[in-house]
Amino acid sequence: MKTYRAHLNEKLKNRRFRQLYAEEKQLAELSVRLLEIREQRRLTQKEVARQAKVTQQQLSKLEN
């Protein structure tokens, strides 16, 4: 049985997969950073969503 790391390394040999993986990783990092900053500033999703001109539900999806 392959470990996760071994499986990932195998998949990363594929150029297209590597590109898509990097894009998803950036999006995940952005989502985490958005949540961290919002919590540091003690803002609700609703407050940030209003400022960003999106719905609270859309912001929730971004953070998750």
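At what angle do helix H2 and helix H4 pack, and how far apart are their axes? In this predicted model, H2, spanning residues 15–40, meets H4, spanning residues 56–63, at about 120 degrees, and the two axes lie 8 Å apart. An angle over 145 degrees would count as roughly antiparallel and one of 65 to 115 as roughly perpendicular, with the rest outside the roughly parallel range counted as oblique, so H2 is oblique to H4.

Now for the residues that make this contact. On the H2 side they are Ser 31, Leu 34, Leu 35 and Arg 38, while H4 brings in Leu 59, Leu 62 and Glu 63. Sorted by character, the contact of H2 with H4 has four nonpolar residues, two charged ones and one polar one.

Zooming out to the whole protein chain, the secondary structure is four helices and zero strands. Going along the sequence, that reads as α-α-α-α. The chain doesn't ball up the way a compact globule would: for 64 residues the globule rule gives 11 Å, and the radius of gyration here is 16 Å, well over that figure, so the chain is more spread out than a compact globule.

The overall dimensions can be put in numbers too. Along the principal axes, the C-alpha atoms fill a box of roughly 45 × 20 × 15 Å. As for burial, 16% of the 64 residues in the chain are buried. The accessible surface adds up to about 5900 Å², and carbon and sulfur atoms account for 53% of that area.

Technical notes:
Residues numbered from 1 in each chain as written. Predicted model: local features only at pLDDT ≥ 70, side-chain atom pairs only at ≥ 80, totals over all residues. Heavy atoms only, no water. Axes fitted to C-alpha atoms, helices over the stretch in contact; angles between N-to-C directions. Helix = DSSP H or I, 4+ residues; strand = E, 2+ residues; numbered from the N terminus. Parallel < 35°, antiparallel > 145°, perpendicular 65-115°, else oblique. Contact = heavy atoms within 4.5 Å. Nonpolar A, V, L, I, M, F, W, Y, C, P; charged D, E, K, R; others polar. Rg over C-alpha atoms; globule rule 2.2 N^0.38 Å. Buried < 20%, exposed > 50% of the residue type's maximum accessible area, 1.4 Å probe, protein only. Areas by Shrake-Rupley, 256 points an atom, 1.4 Å probe, with all protein chains shown as cover.
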